[in-house]
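Welcome to a short tour of contacts and rings. Have the viewer open beside you, and take the sections in whatever order suits you.

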Protein chains: 2
Amino acid sequence: MTGNAAVDAEVTSRERVLRAAAYLFRTKGFDATSMREIAQLAGLGKSSLYHHVPSKQQMLGELVDHGMDQLTSALQRVATADLPTTERLRLAVRTHVLTYIEHRDSVACFIQEGRALTGDQRGAFFAHRDRYEGWFRELVADGIAKGEFRPTDVKLAVFAILGMCHWVVRWYRPDGGFPPEKIADDFAEFAVRGLVTGQEGG
Amino acid sequence: MTGNAAVDAEVTSRERVLRAAAYLFRTKGFDATSMREIAQLAGLGKSSLYHHVPSKQQMLGELVDHGMDQLTSALQRVATADLPTTERLRLAVRTHVLTYIEHRDSVACFIQEGRALTGDQRGAFFAHRDRYEGWFRELVADGIAKGEFRPTDVKLAVFAILGMCHWVVRWYRPDGGFPPEKIADDFAEFAVRGLVTGQEGG
DNA sequence: GGCGCCCGACGGACCGGTCGGTCGGGCGCC
DNA sequence: GGCGCCCGACCGACCGGTCCGTCGGGCGCC
């Protein structure tokens with residue numbers, strides 16, 4: 001709430017549209033979602049959408065950015081922690097999973113629908129994604145340099161970890177019987193065990 | 001010549017159509033791919049597609065089935081191996097990765113585009129997918145029962161492993177600098193390390 | 001208070017274009 | 001000739017997006 005009634009009204013309406021779009025983009029995909037469906041879910045006529053949003057593409061771009069922001073801002077809080085690399089990896093995976101679950105729709109837009117972007121938005125999307133992956137690569141490389149992690153290909157290790165994390169988008173259901181904390185803990189443990197030194201001789 | 005090796009091969013028209021469709025479905029997604037594009041890539045007029053395939057939906061269904069068959073038939077060769085569970089897991093992950101890379105387009109249809117199916121095909125898809133996941137769950141549960149794997153939630157462990165594997169669809173490029181064998185080995189090692197007993201006290 | 005104006009929110013009708021799919025006919029090979 | 005393969009032309013439906021009129025609440029002016 002800003003205290004300004006007129007602004008609040010506009011923000012809420014616009015937000016309703018964006019949330020409806022994010023939900024549909026996540027569950028059906030960008031291309032399979034029509035502006036009519038978004039309008040219906042938001043409780044508006046189709047033409048009214050365009051009072052709040054310039055185009056379907058722009059809407060996706062905004063949602064992708066928002067999803068990315070959720071992940072990066074959550075991760076930055078972890079990045080600065082003064083902890084052993086192993087624990088920072090654990091925190092990073094935990095944070096990713098919990099952030100996704102909390103902001104499912106927009107993060108799913110970022111993870112799943114980014115390729116539907118065009119032009120400048122597409123470039124910005126790839127840049128953001130690379131920066132996000134790069135942060136994980138530094139984390140893993142740091143752990144290897146410090147001897148906390150076994151030596152292994154950094155890119156592949158990050159692909160493995162992020163694949164495990166991103167895939168949550170595809171199977172998580174709020175009523176699926178797994179509390180977010182449980183998923184976050186198990187996945188963090190899985191990632192850490194995959195990288196830490198020990199059990200040599202395989 | 002189209003310049004696309006997957007389509008240029010000397011095969012029947014029907015196969016050319018299916019391969020073109022699989023390639024486009026993987027790279028652009030089912031909904032973003034038009035029958036006109038498929039026809040063009042296959043070197044045919046749009047109407048000619050319908051001499052080989054009854055509909056776009058049916059085509060996707062066939063490709064999803066085919067991708068699923070590639071994975072399951074490859075996995076069944078591994079399932080019967082008389083090896084410790086740890087080594088069977090390693091083989092399973094290796095096989096999954098290598099099979100995906102060898103049959104990228106149709107397997108990607110199975111992994112990524114299955115949700116675009118409708119009706120009976122949709123039900124069959126979910127059944128196949130569940131059977132595939134079920135096989136992995138039995139493998140993991142078996143390893144835990146035998147004491148080779150640490151006790152952990154089986155479903156989550158399989159989600160983690162399959163997430164890591166399925167995500168290959170999204171980043172693998174033939175010229176990406178990673179030989180398939182390297183990816184398969186690293187991912188198998190990652191999965192095994194995530195599950196085997198040892199390093200307790202975390 | 002009462003009146004009139006304004007303006008943002010909204011929706012019905014409609015646009016050009018593209019979608020998946022159909023149809024009738026032509027062309028070449030046996 | 002007959003048959004398999006193929007294509008241009010075409011269909012109704014639906015796409016994202018626009019146009020323009022309606023509605024109603026807020027605000028200045030008297």
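## Polar contacts with strand C

A polar contact here is a pair of N or O atoms within 3.5 Å. With that cut-off in hand, and keeping in mind that this is a predicted model, let us begin at DNA strand C. One of its phosphate oxygens is 2.8 Å from an N or O atom in the side chain of A:Ser48, so the pair is within 3.5 Å and counts as a polar contact. Chain B takes part too: a polar backbone atom of B:Met35 is 2.8 Å from a phosphate oxygen of DNA strand C. A base is also reached, since an N or O atom in the side chain of B:Arg36 is 3.2 Å from a base nitrogen of the strand.

Which elements give two or more residues to the surface near DNA strand C? They are α1 (5-28) and α3 (46-49) of chain A, together with α3 (35-42) and α4 (46-49) of chain B.

## The surroundings of strand C

In total, 17 residues surround DNA strand C, and the closest are A:Gly45, A:Ser47, A:Ser48, A:His51 and B:Lys46. Of the strand's atoms that come within 4 Å of the protein, sugar and phosphate account for 45%. By residue type, the surface near DNA strand C divides into three nonpolar, 10 polar and four charged residues.

## Strand D

Now turn to DNA strand D, which has 16 residues around it; A:Lys46, B:Gly45, B:Ser47, B:Ser48 and B:His51 come nearest. Sugar and phosphate make up 47% of the atoms of DNA strand D that come within 4 Å of the protein. The residues of this surface split into three nonpolar, 10 polar and three charged.

Chain A supplies polar contacts to phosphate oxygens of DNA strand D. A polar backbone atom of A:Thr33 is 3.2 Å from one phosphate oxygen, and a backbone N or O atom of A:Met35 lies 3.0 Å from a phosphate oxygen. For A:Tyr50, an N or O atom of the side chain is 3.1 Å from a phosphate oxygen of the strand. The elements giving two or more residues to the surface near DNA strand D are α2 (35-42) and α3 of chain A, with α4 of chain B.

## Aromatic pairs

A search of the whole structure turns up 17 aromatic pairs over all chains. Why does the pair of A:Phe159 and B:Trp171 count as stacked? The ring centres are 4.0 Å apart and the planes are at 5 degrees, and planes under 30 degrees apart count as stacked. Because A:Phe159 lies in helix α8 (residues 154-166) of chain A and B:Trp171 in helix α10 (residues 168-171) of chain B, this pair joins two chains. A:Phe159 is buried, with a relative accessible area of 11%, and B:Trp171 is buried at 11% relative accessibility.

Within chain A, A:Trp171 and A:Phe187 form a tilted pair, 6.2 Å centre to centre with 50 degrees between the planes. A:Trp171 lies in helix α9 (residues 168-171) and A:Phe187 in helix α10 (residues 180-195), so the pair ties together parts 16 residues apart in sequence. Both A:Trp171 and A:Phe187 are buried.

## A cluster, and charges over rings

Returning to the stacked pair, A:Phe159 and B:Trp171 form one aromatic cluster with B:Phe178 and B:Phe187.

Finally, have a look at two charges over rings. The charged end of A:Lys56 sits over the ring of A:Phe30, 4.4 Å from its centre. In chain B, the charged end of B:Arg137 sits over the ring of B:Phe159, 5.7 Å from the ring centre.

Notes:
Residues numbered from 1 in each chain as written. Chains lettered and ligands numbered in written order. Predicted model: local features only at pLDDT ≥ 70, side-chain atom pairs only at ≥ 80, totals over all residues. Heavy atoms only, no water. Phe/Tyr/Trp six-rings, centres within 6.5 Å; stacked < 30°, edge-to-face > 60°. Helix = DSSP H or I, 4+ residues; strand = E, 2+ residues; numbered from the N terminus. Buried < 20%, exposed > 50% of the residue type's maximum accessible area, 1.4 Å probe, protein only. Lys NZ or Arg CZ within 6 Å of the ring centre and 35° of its normal. Near = heavy atom within 4 Å. Polar contact = N/O pair within 3.5 Å; in protein donor to acceptor, adjacent residues only side chain to side chain. Nonpolar A, V, L, I, M, F, W, Y, C, P; charged D, E, K, R; others polar.
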